Amino acid sequence: MNPVQLSIFANRLSGICDEMGAVLRLSALSPNIKDRLDFSCAIFDAQGRLCAQAAHIPVHLGSMAYAMADLVSGRDWQPGDLLVVNDPYLGGTHLPDVTVVGPVFQASTLIGFAVTRAHHANIGAHSPGSMPVSTHLEEEGIVIAPSWLKRGGQWQVPLCRHLAGLDESGGLPVENRRFADFVAQASACEAGARRLAELAEQQPDLVAAFDALNAYGEKRARARIAALPDGCYRFRDYMDDDGQGQQDIVIAVTLTIAGEQASLDFSGTADQVAGNINCPLSVAAAAAYYCFRCLMDDDVPACDGLFRPISLFAPHGSLLNARRPSAVAAGNVETSSRVVDVVLGALAQAAPQAIPAASQGTMNNVAMGAAGEDGWDYYETMAGGTGAHAGGPGLSAVHSHMTNTLNTPIESLESHYPLRVHRYQLRRGSGGEGQFAGGDGLVRELEFLGDAQVTLLTERRLHAPWGLAGGQDGAEGENRHNGELLSPKTSFSARAGDRLVVASPGGGGYCDTECKCK
């Protein structure tokens with residue numbers, strides 16, 4: 001393919017992913033998907049190699065790229081099939097993130113897959129919002145091993161009822177709100193499959209086009225890595241706690257740049273812990289891939305070839321390569337954020353002008369709800385400050401790095417749930433000082449209009465986001481219930497009239513007063 005053909009092909013694939021995302025957003029019922037956009041869509045080839053993705057959630061897409069080949073191989077795929085999975089040790093990330101995979105056929109030949117991954121606020125955990133302070137995988141909700149959601153175009157009704165939280169006898173739960181988001185994901189996959197099949201009719205050799213795209217992505221990735229100075233670069237940072245009494249949990253990396261290759265060795269990282277900040281290796285890989293993707297130009301296609309020059313290792317049984325049945329609910333959101341900080345900290349030694357100071361380093365997870373006939377489940381992540389850099393200050397009150405979601409609009413929040421928003425404002429002065437200041441975090445104050453159970457899974461409450469090149473650290477975050485300071489990871493009962501305040505961290509500053517970075 002010549003460069004023009006390749007560019008058109010890459011953009012057509014990305015357009016399919018964008019359309020899948022639009023179908024999913026407009027079909028879903030939960031605010032977490034339709035308002036916060038906590039979902040991702042991608043196209044893979046028949047071997048499970050990433051070929052295109054929309055600009056959705058980095059932790060979703062990188063982990064899918066790492067695990068999809070094993071997930072799709074060795075299966076008797078048929079037209080109309082849909083596979084569903086959320087098991088973190090079999091291709092998932094954490095249980096709320098549910099993946100639906102649809103095969104694409106040209107005549108009778110399997111040519112690829114359309115894939116969606118979306119965060120479900122109710123996946124059957126013991127606490128509302130399905131993000132508990134847990135110690136065991138089974139406490140975090142329904143564990144879905146790779147299973148047929150549809151087989152030959154037919155819904156597998158017993159599984160569908162199980163996913164809806166119902167007994168397995170009876171018909172398809174078409175009126176069940178919890179099942180509606182699964183249907184939305186199925187619709188998005190089927191829309192993507194139709195579009196890819198149409199593209200295959202117009203593209204003389206789709207397999208060769210996929211190969212050309214990935215070869216080009218690999219070429220661009222190798223060129224960017226080769227531009228970094230060879231050497232070994234080490235960095236370490238700490239998780240605040242695991243929610244079970246262990247604090248100051250180390251994540252360490254040795255980054256080796258050798259010509260066109262980059263390797264990351266996470267030896268020296270803490271062993272897996274009792275709490276739920278453990279993660280499967282696919283999540284650590286997603287964070288590492290994301291950091292290198294950020295080094296590359298915007299026109300580089302997001303595909304499997306991009307990651308071929310990058311290898312990584314984490315000891316089995318460590319925080320970043322946990323053994324089943326370790327709890328992982330916060331690993332996907334909080335530990336992945338710290339892996340980004342650690343990898344960027346190492347890259348800053350190799351490319352100091354290209355890397356920013358630490359951003360807020362947490363997703364500030366808030367999960368809440370109530371049981372019973374009028375029960376409800378709500379989950380959101382909160383924005384914060386990003387790190388300053390050689391080109392200017394950080395951004396204030398944005399989602400950064402491994403999350404790419406939106407906030408829940410106040411109108412949607414108050415119309416769906418018994419909550420009232422009293423404050424939603426910038427946390428002035430929380431960004432680290434420097435020649436360029438880090439971005440500010442924000443403050444969100446909620447009043448409960450009814451009794452609720454609340455879970456907070458947050459980080460950077462004890463260890464501040466670091467500054468770079470002499471810049472100051474950003475401010476740590478704070479969580480308060482009725483004015484009382486809470487630990488970073490906690491669960492509590494709230495009564496009507498109670499107030500919850502979450503103040504997110506600011507980003508680190510860049511350059512001290514003597515810095516000559518300009």
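What is the handedness of the crossing of H7 and H8? In this predicted model, the crossing of the two helices, H7 and H8, is right-handed. Helix H7 spans residues 281-295 and helix H8 residues 331-350; their axes come within 8 Å and cross at roughly 45°. H7 and H8 are therefore oblique to each other, since an angle of this kind falls outside the ranges under 35, over 145 and 65 to 115 degrees. On the H7 side, the contact is made by Val-283, Ala-284, Ala-287, Tyr-290, Cys-291, Phe-292 and Leu-295. H8 contributes Gly-331, Asn-332, Ser-336, Val-339, Val-340, Val-343, Leu-344 and Leu-347. By class, the residues of this contact between H7 and H8 comprise 12 nonpolar, three polar and no charged.

A second element of the model is an open sheet of seven strands, with antiparallel pairing and the order E2-E1-E5-E4-E3-E6-E7. Its edges are strand E2 (50-53) and strand E7 (154-155), each of which pairs on one side only. Strand E1 (residues 39-45) is joined to E2 by three bridges in the antiparallel sense. Within this pairing, Ala-42 has Gln-53 of E2 as its bridge partner.

Helix H5 (residues 177-202) packs on the sheet. The strands touched by H5 are E1, strand E3 (82-85), strand E4 (97-106), strand E5 (109-119), strand E6 (147-151) and E7. The direction of H5 makes about 30° with that of E4. Helix H6 (residues 206-226) also lies across strands of the sheet, namely E1, E2 and E5, and runs at about 80° to E2.

H5 is also in contact with helix H1. The axes of H1 (residues 3-27) and H5 come within 8 Å and cross at roughly 155°. That angle makes H1 roughly antiparallel to H5, because angles over 145 degrees are counted in this way. The crossing in which H1 passes H5 is right-handed. From H1, the contact involves Phe-9, Arg-12, Leu-13, Ile-16, Glu-19, Met-20, Val-23, Leu-24 and Ser-27. From H5, the residues are Ala-184, Gln-185, Ser-187, Ala-188, Cys-189, Ala-191, Gly-192, Arg-195, Leu-196, Leu-199 and Gln-202. The contact of H1 with H5 divides into 12 nonpolar, five polar and three charged residues.

Technical notes. Residues are numbered from 1 along each chain as its sequence is written. This is a predicted model: local features need pLDDT of at least 70, side-chain atom pairs count only at pLDDT 80 or more; totals for chains, interfaces and linings use all residues. Side-chain values use heavy atoms; hydrogens and water are left out. Axes are lines fitted to C-alpha atoms, for helices over the stretch in contact, and angles run from 0 to 180 degrees between N-to-C directions. Helices (H or I, at least four residues) and strands (E, at least two) are DSSP runs, numbered from the N terminus. A crossing is left-handed if the near helix is turned anticlockwise from the far one by less than a right angle, and right-handed if clockwise. Contact means heavy atoms within 4.5 Å. Ala, Val, Leu, Ile, Met, Phe, Trp, Tyr, Cys and Pro count as nonpolar, Asp, Glu, Lys and Arg as charged, and the others, Gly among them, as polar. Two strands pair if DSSP finds at least two bridges between them.
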